[in-house]
Amino acid sequence: MSPLDFTPSERGSLGIEWEVALVNSQTRALASGAPAVLSRLGATKDGPLRGEYLTCMVELVTGVHSNVGAAVAELRADLDRLASAADAEGLAVYAAGTHPFSRAADVQVERGPSYDTVAEQNAWWARRMLICGTHLHVGVPDRELTMPLVHGLAQLSPLLLALTASSPFFEAEDTGFDSQRTMLFQQLPTNGLPPDLHDWTAFEAYYDQIAAAKMVSGPSEIRWDVRPAPKFGTVELRVTDASPTLTEIGCLAAWAQCLTEYIIDGELSGAPLPSLAPWFVRENKWRAARYGLAADLITTDGSLPMREAVAQWHTRLAPYADRWGCRSALDRALVLCAEGNSAERQRAIAADADLLTVVDAVCAETKEAL
């Protein structure tokens, strides 16, 4: 099997990868306890609970599901196991894009060939990767739909970033960004928005060039915000911060599933999604990271407030949500627009308390899912 052999998967299928951190229950600082917790759980490299780049992180990985509810139910069961094992080690689960006050220099990097390569190649920036995200895989039934879907989801990804932004603080400072994680993660060389490659042949040519230049040794080292995953027959949406609640993850999954269906329907009917110029896509991503739901989104018709854009897209996607049985999860975006994303909620707490209280609040939100 060559690196770019594409195995088609079921249209509408979903898989979720949720990165979370572990904090000391007493100090609320990040704790390098993942190896001990995973050992207690008897976790394996390819199991639903896995180690990550940092020893304070655990990744929860679902199987393939046809609906949002089933995917979230699997996450809930694995979170229950993780939280119990963490509690036995004096730790708690903290799910957000960044920790508000722990310093990157104080957290250990997991050892291993791939992680050692990341650390060596990216030097200072690799040591700043104190971040957690949520990744969504959506099924693609035909490889020729892959790059149009990558392109379309990248155009619309600022909506999802604004809804999920959860990293306003970094190393005890309010960064001014709703998603500081975005600004850190895009510094690595193959990260960030995908280039405009509109068909599979163009992607294959791109991959051959960067592999020959020794930029990557496999497709998984292309870490775009939205990328093809040929091994699984999916497109992977990687732009979003880790969400603190399963309700918000369900919302993100519903939007990813419905946007995918909307884009694929447009491609198959000969009415593809209207495209913004690449410089406007970059600007929208920056605005979403900086201002979150308070951003103004550039559109093909001008611009409008992010919350209005979310409402407009909610109306477009509602029929798809009804079809796939995820309407309540899709509707949650309107609640977030009214009540605030995680970054807004964290700032509101910090205005009246301290960053320890922010950690407690995020941990409490995650625990409520159980």
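A salt bridge here is a Lys or Arg side-chain nitrogen within 4 Å of an Asp or Glu carboxyl oxygen. The views below show a predicted model.

**Figure 1. Arginine 347 and aspartate 178 form a salt bridge.** The N to O distance between the two side chains is 2.7 Å. Arginine 347 sits in helix 11, residues 342-352. Aspartate 178 belongs to the loop between strand 7 (173-174) and helix 5 (180-185). The partners are 169 residues apart in sequence, so the pair ties together separate parts of the chain. Arginine 347 is partly exposed, at 22% relative accessibility. Aspartate 178 has a relative accessible area of 4%, and therefore counts as buried, the cut-off being under 20%.

**Figure 2. Aspartate 360 is bridged to arginine 28.** Their side chains meet with N and O 2.9 Å apart. Distant parts of the chain are linked by this pair, with the two positions 332 residues apart in numbering. Aspartate 360 is in helix 12, which covers residues 355-368. Arginine 28 is in the loop that runs between strand 1 (14-24) and helix 1 (34-41). How accessible is aspartate 360? Its relative accessible area is 35%, which makes aspartate 360 partly exposed. Arginine 28 is also partly exposed, with a value of 22%.

**Figure 3. Lysine 285 and aspartate 225 make a buried salt bridge.** The closest N and O atoms of the pair are 2.8 Å apart. Aspartate 225 occupies the loop between strand 9 (223-224) and strand 10 (226-229). Lysine 285 lies in helix 8, residues 278-291. The two are 60 residues apart, and the pair links distant parts of the chain. Are these residues buried or exposed? Both aspartate 225 and lysine 285 are buried.

**Figure 4. Three charged residues share a salt-bridge network.** The members are Arg11, Glu261 and Asp265. In the protein, the count of salt bridges comes to 20. There are 30 positive and 47 negative side chains. The centres of these two sets lie 2 Å apart.

**Figure 5. Leucine 38 is a buried residue of helix 1.** Its relative accessibility is 11%. That value is under 20%, so leucine 38 counts as buried. Which residues touch leucine 38, beyond its neighbours within four places in sequence? The contacts are Ala43, Leu49, Arg50, Gly51 and Val58. Glycine 270 is 48 Å from leucine 38, C-alpha to C-alpha. In sequence, leucine 38 and glycine 270 are 232 residues apart.

**Figure 6. The whole protein gives the setting for the close-ups, with 12 helices and 13 strands.** Its radius of gyration is 19 Å, close to the 21 Å from the globule rule for 370 residues, so the protein is as compact as a globular protein of that length. Along the principal axes, the C-alpha atoms fill a box of roughly 60 × 45 × 35 Å. Of the 370 residues, 55% are buried. Among contacts with a separation of 6 or more, 77% join residues 24 or more positions apart. The accessible surface is about 15100 Å². Carbon and sulfur atoms account for 51% of that surface.

Methods: Residues are numbered from 1 along each chain as its sequence is written. This is a predicted model: local features need pLDDT of at least 70, side-chain atom pairs count only at pLDDT 80 or more; totals for chains, interfaces and linings use all residues. Side-chain values use heavy atoms; hydrogens and water are left out. Helices (H or I, at least four residues) and strands (E, at least two) are DSSP runs, numbered from the N terminus. Buried means under 20% relative accessible area, exposed over 50%, partly exposed in between (1.4 Å probe, protein chains only). Contact means heavy atoms within 4.5 Å. The radius of gyration is taken over C-alpha atoms; the globule rule is 2.2 Å times the number of residues to the power 0.38. Accessible areas come from the Shrake-Rupley method with a 1.4 Å probe; for residues, only the protein chains shown count as cover. Lys and Arg count as positive and Asp and Glu as negative; His and the chain ends are not counted. The place of a charge is taken as NZ of Lys, CZ of Arg, CG of Asp or CD of Glu.
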